[in-house]
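Let's take a walk through this one, strand by strand, and then look at where some empty space is left. Have the viewer ready.

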Amino acid sequence: MTDNNKNTILTDFLEKTNLIQVLQQKGKRIIEVTSSTPLAKAIQILAENSILSVPVRDSEDGQYLGFLDVMDIVTYVLQTYSEDQDKETMQWSTWCKDIDTLEHRGVRLGLTPVQKLIDSSGCNRWCPVQSNATLAQVISEIFAQGIHRAPVVDENNVVHGLISQSDVIGLIFLNFVDREDSFLGELGLKTVQELKLGSRETPVSMVVTAQAIQAFWLLYYNKVSAIAITDKEGKLVANLSASDIEGVGSNNKKFSTLLLPLQEFFSTHKIGTPPITCTLNSTLKSVLVSVLKASVHRVWIVDNDKPIGLISLTDLMKLFASLVK
């Protein structure tokens with residue numbers, strides 16, 4: 001990284017802004033659930049607040065136990081649906097069709113207390129950060145390591161708020177929206193190809209005519225937060241993310257809708273908006289603006305409308321971390 005790139009206004013902002021300032025801008029309200037909250041209620045809370053995760057407090061002593069996020073929900077639903085079969089040996093034909101009550105197994109998914117689901121995906125560790133830490137520190141030590149969110153604590157380990165990868169992107173947008181002439185300096189003009197930004201592995205994908213439950217199983221099996229949904233020609237038409245599980249099983253939307261074809265599943269839940277895309281020749285600045293304006297967690301890299309890679313928020317965090325080393 002050249003000195004010219006390193007001395008950008010953005011780098012200065014990241015190194016001088018601490019988390020106390022962030023919480024003052026963001027607000028300190030914490031949306032949370034207790035360990036005894038039923039799964040259906042927790043899903044409803046996530047959906048109503050347009051969030052991907054909530055902290056879970058112990059119903060008895062009030063201590064935080066960890067996070068519940070959409071990947072935990074996807075993991076638990078699929079493990080229950082498949083009778084806890086190992087994901088390498090799951091046989092689709094043995095899975096029951098009554099996913100709402102699963103009466104023959106004595107399980108009612110919607111009534112399950114969320115304590116059973118905490119970090120069941122293994123993707124959502126509870127990693128507190130001190131409130132006097134800077135954005136540069138939390139990006140390098142937490143977010144660039146693939147952790148999506150963290151509780152902000154004081155010297156007594158009291159939680160005062162939460163910060164996420166999305167919050168960092170939002171703060172950058174808020175503080176730099178009127179300064180596009182200096183946005184990222186020369187770095188912002190470099191292309192995805194030049195920066196080797198994102199994954200170049202063929203994205204996990206599923207054809208749009210497949211069942212939704214199969215697509216969610218691919219998320220679970222590959223431990224990814226989103227998969228590309230394509231038409232029969234392999235062209236990108238949508239994406240399915242773990243957050244699309246929100247609303248399923250609450251608000252009278254049954255878990256059985258997971259058995260619908262993806263196109264019908266998207267229609268039923270009013271999701272499946274056109275995915276945000278870029279090419280290898282897109283600039284970093286254009287990618288960031290797309291993420292910020294669309295409030296998305298990923299940008300698909302396409303070639304002739306076919307997905308060839310993915311840029312996640314973690315990829316962007318790794319890039320930001322390289323600026324402040």
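How many bridges join E10 to strand E11, and do they run parallel or antiparallel? Keep in mind that this is a predicted model. The count is 2 bridges between E10 and E11 (residues 298-303), and the two strands run parallel. To find the spot on screen, look for Thr-277, which stands opposite Trp-300 in E11.

Zoom out a little and you'll see that this pair belongs to an open sheet of 3 strands, in the order E10-E11-E12, with mixed pairing. Strand E10 (277-278) and strand E12 (306-312) sit at the edges with a single partner strand each, so one side of each has no neighbour in the sheet.

Now hop over to another pair, E5 and E6. Strand E5 (residues 149-153) is joined to E6 by 5 bridges, and here the strands run antiparallel. Arg-149 is a handy landmark, standing opposite Ser-164 in E6. The two strands make a hairpin with 5 residues between them, and Asn-157 in the turn has a positive phi of about 65°. As for E6 itself (residues 159-164), the strand is mostly covered, with 5 of its 6 residues buried.

Asn-157 also turns up somewhere else: in the lining of the second largest pocket. Other residues lining that pocket include Val-153, Val-158 and Val-159, along with Arg-57, Tyr-64 and Trp-126. The pocket's volume comes to about 170 Å³. Sorted by class, its lining has 6 nonpolar, 3 polar and 1 charged residues.

How values were computed. Residues numbered from 1 in each chain as written. Predicted model: local features only at pLDDT ≥ 70, side-chain atom pairs only at ≥ 80, totals over all residues. Heavy atoms only, no water. Buried < 20%, exposed > 50% of the residue type's maximum accessible area, 1.4 Å probe, protein only. Helix = DSSP H or I, 4+ residues; strand = E, 2+ residues; numbered from the N terminus. Pairing = 2+ DSSP bridges. 1 Å grid on protein atoms, 1.4 Å probe; cavity = no way out; pocket = protein on both sides within 12 Å on 5 of 7 lines; lining within 4 Å. Points joined across faces, edges and corners; volume = space filled by probe spheres on them. Nonpolar A, V, L, I, M, F, W, Y, C, P; charged D, E, K, R; others polar.
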